[in-house]
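Here are a few exercises to help you find your way around a protein you haven't met before. Take a look at the sequence and the model, then work through the tasks one by one.

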Amino acid sequence: MTKIGVTLHPLTSPDRQELDLLAQQIAEGVVAAGGAPVFIPPDLDETTLYARFSSLDGLILSGGGDVAPARYGEQALPQVGGVDEQRDHMEMTLVRWALAEKKPLFGICRGLQLLNVVCGGALYQDISQHANAIQHAYYPDYPHDYLAHAIAIAPDSQLAALLGKTTTLVNSLHHQACRTVASSLRVVAHAPDGIVEAVEVVEHPFALAVQWHPEALPAAVESKSLFGALVAVSAQGQRERHPQSAQIPEIPQRQA
Ligand code: MN
């Protein structure tokens, strides 16, 4: 089986119920794509975390609370919420390993923001810091699958290739976004107000992150394409790392 790690929020998260549901939907998206989800809690020690990471063929960074603004050198504004230092550390460590080992990586919402911070970028602590921003925080009063706004996708991007289109409608459940984008990332989708909606790591075979929540749109062909691409690329890497696993083991000859 192709094992896909899914990072988890802490049990003490203020949005625990909402995040439990999204984590379950991510797992369902992985299963529907033919992969085996493996949850990664935020409180593993580094040895255990690396053992878990090593066993994985791909990695998903799930959504959740805000990355601590200190991680990009700022003091927190009052709008910042749900910060968990342990989770930040766990996910930043995983991202560094995945980038170093070229392991397939897919970031969702907070996952995009975290990837940007790890690579040296910074965030709007609240989208109100961006002049002329449209509404992006369609929660808690809207269903998670509410299609909030369009995005424009760079035609020559991996994202456009795997979705087969350069525009689509997405849900929007975020109050933060990229303010400065790390130089190792390429912005491959924007909302109409210029807010970053997807990035790709330039020097990596498959490291993509989106600002929306495809797992909360499980019936959408775009969501199936995203989970499908991650599992397919991860399965390919697994075959390359373990070519013998594709062969049927020889049965030893019984000695006469
Ligand atoms: Mn949005």
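## Exercise 1: The second largest pocket

Helix 6 (residues 221-241) makes the largest contribution to the lining of the second largest pocket, with five residues. Keep in mind that this is a predicted model.

**Task.** Work out how much space the second largest pocket holds, which residues are closest to its centre, and how its lining divides by class.

**Solution.**
- Start with the volume: the second largest pocket holds about 190 Å³ of space.
- Next, go to the centre. Of the 14 lining residues, Lys102, Lys103, Pro104, Gly237 and Arg241 are the closest to it.
- Finally, sort the lining by class: five residues are nonpolar, four polar and five charged.

## Exercise 2: The largest pocket

**Task.** Find out which helix gives the most to the lining of the largest pocket, then describe the rest of that pocket.

**Solution.**
- The volume of the largest pocket is about 350 Å³.
- It has 21 lining residues, and those closest to the centre are Asp15, Gly64, Gly65, Tyr139 and Leu173.
- Now for the helices: helix 1 (16-32) and helix 4 (110-118) each bring at least two lining residues.
- Helix 1 gives the most, with three residues.
- By class, the lining of the largest pocket splits into seven nonpolar, 10 polar and four charged residues.

## Exercise 3: Closed-off spaces

**Task.** How many cavities of 30 Å³ or more does the structure hold, and what lines them?

**Solution.**
- The count comes to two.
- The largest cavity has about 70 Å³ of space. Its lining includes His9, Pro10, Asp15, Leu19, Gly64, Arg87 and Arg110.
- Sorted by class, that lining has three nonpolar, five polar and four charged residues.
- The second largest cavity has about 40 Å³ of space. Among the residues lining it are His9, Leu19, Gly64, His213 and Glu215.
- Here the classes come out as three nonpolar, five polar and one charged.

## Exercise 4: The manganese site

**Task.** Which protein residues are donors of the manganese ion, and how are they spaced in sequence?

**Solution.**
- List the donor atoms: ND1 of His136, NE2 of His149, OG of Ser172, NE2 of His174 and OE of Glu197, at 2.3 to 2.4 Å from the ion.
- Read along the chain and you get the spacing H-x12-H-x22-S-x1-H-x22-E.
- Zoom in on one pair, histidine 174 and glutamate 197, 23 residues apart and linking distant parts of the chain. Histidine 174 sits in the loop between strand 7 (167-170) and strand 8 (177-180), while glutamate 197 is in strand 10 (residues 196-201).
- Check their surroundings: histidine 174 is buried, with a relative accessible area of 2%, and glutamate 197 is buried too, at 0% relative accessibility.

## Exercise 5: Looking for disulfides

**Task.** How many disulfides does a search of the whole structure find, and why is cysteine 119 not bonded to the closest cysteine sulfur?

**Solution.**
- The search turns up zero disulfides.
- Take cysteine 119 and look for the closest cysteine sulfur: that is in cysteine 178, 10 Å away.
- Compare this with the cut-off: a disulfide needs the two sulfur atoms within 2.5 Å. So the sulfur of cysteine 178 is too far from that of cysteine 119 for a bond.
- As a last step, compare how accessible they are: cysteine 119 is partly exposed, with a relative accessible area of 23%, whereas cysteine 178 counts as buried at 4%.

How values were computed. Residues numbered from 1 in each chain as written. Predicted model: local features only at pLDDT ≥ 70, side-chain atom pairs only at ≥ 80, totals over all residues. Heavy atoms only, no water. Donors = N, O, S within 2.8 Å, 3.2 Å for Na, K, Ca; no water. Helix = DSSP H or I, 4+ residues; strand = E, 2+ residues; numbered from the N terminus. Buried < 20%, exposed > 50% of the residue type's maximum accessible area, 1.4 Å probe, protein only. 1 Å grid on protein atoms, 1.4 Å probe; cavity = no way out; pocket = protein on both sides within 12 Å on 5 of 7 lines; lining within 4 Å. Points joined across faces, edges and corners; volume = space filled by probe spheres on them. Nonpolar A, V, L, I, M, F, W, Y, C, P; charged D, E, K, R; others polar.
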